[in-house]
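Dear colleague,

I am passing the structure below on to you, and my notes on what was found in it follow. Please read them with the coordinates open beside you.

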Amino acid sequence: MKSAVTVSEKALEASYHVAKLIARQKKPHTVGETLIKPACMEIVRLMLGPNEVKEVNKVSLSADTVKRRIHDMSSDILETLIKKLLAAEKFALQIDETTDIKNKAQLIAIVRFVDEDFIKEHYLFCKEVPERTTGEEIFRVTDDFFKIFLEAALMVLISIKSFSIIRAWALPNGIGKQLCEKWSRTQKKKINDILSKNL
């Protein structure tokens, strides 16, 4: 039997979708609360009625919320990429140096790897090069990222292995679902903490 999706779950999902649109358009985070939400509420009020407006009003689009949603999505994308790179075992790294509008040197890294018989290309990171853009400094910035990357990758591997062991033990005893969900949330938070503190 399918469980009904609650309004709060729909509102949360809608909040993530709008945050993704804001990020893709490179708009200020405040646009969600100052333009998008009022526009949606007005459209719904005119086309569907005032009762439906209450449902739309439950979607949180404050600047802080949009910022958090974008950060959550980017951490999730990086975690997924880490898993794919671990599964691929080998990957190519392309590094390029550029200058931003403030005349600061930026180092951009792109990875290529085989995923399900296709060569995939993904953005890996963009980091400011604080010193001069020498080969040594470029290596240091890249090496620092991979030290953090490997720590997060190790957490992913530990999570997967431990999760499998817990499931094998807990499911026959009837406490598996709650234990596995709690473990998954805890490990995801640890990985996100590592990535957000360092990247």
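If neighbours within four places in sequence are set aside, Phe91 is in contact (heavy atoms within 4.5 Å) with Leu85, Val111, Arg112, Phe113 and Phe146. This is a predicted model, in which local features need pLDDT of at least 70 and side-chain atom pairs count only at pLDDT 80 or more, while totals for chains, interfaces and linings use all residues. Residues are numbered from 1 along each chain as its sequence is written, and side-chain values use heavy atoms, with hydrogens and water left out.

Phe91 itself sits in the loop between α4 and β1 (92-99); helices (H or I, at least four residues) and strands (E, at least two) are DSSP runs, numbered from the N terminus. Its relative accessible area is 33%, so Phe91 is classed as partly exposed, the classes being buried under 20%, exposed over 50% and partly exposed in between, with a 1.4 Å probe and protein chains only. Between Phe91 and Lys120 there are 9.8 Å in space, C-alpha to C-alpha, although the two are 29 residues apart in sequence.

Turning to the charged pairs, a salt bridge is taken as a side-chain nitrogen of Lys or Arg within 4 Å of a carboxyl oxygen of Asp or Glu, and by this rule there are 8 salt bridges. One of them joins Arg112, which is also among the contacts of Phe91, to Glu121, with 2.6 Å from N to O. Arg112 counts as partly exposed because its relative accessibility is 33%, and Glu121, at 49%, counts as partly exposed as well.

Within helix α4 (residues 63-88), Lys83 and Glu79 lie 4 residues apart, about one turn of the helix, and they form a salt bridge whose closest N and O atoms are 3.5 Å apart. Which of the classes, buried or exposed or partly exposed, does Glu79 fall into? Its relative accessibility is 7%, so Glu79 counts as buried, whereas Lys83, at 38%, counts as partly exposed. An α-helix has 3.6 residues a turn, so residues three or four places apart point the same way.

Helix α5 (residues 135-170) holds a pair with that spacing too, since Arg140 and Asp144 are 4 residues apart in it; their side chains meet in a salt bridge at 2.7 Å, N to O. Arg140 is partly exposed at 33% relative accessibility, and Asp144 is partly exposed at 31%. Elsewhere, Lys84, Asp115 and Lys120 are joined into one network by salt bridges that share partners.

The last region to hand over is helix α2 (residues 31-47), where Leu46 is found. The 17 residues of α2 should span 24 Å at 1.5 Å a residue, and its end C-alpha atoms, 23 Å apart, agree with this; the expected span is 1.5 Å times one less than the number of residues. At Lys37 the helix α2 bends by about 25°, and a proline, Pro38, follows within four residues, the bend being the angle between axes fitted to the seven residues ending there and the seven starting there. Val31, Gly32, Lys37 and Val44 are buried in α2, whereas Leu46 is exposed, with a relative accessible area of 60%. After α2 comes Gly49, with a positive phi near 120°.

With kind regards
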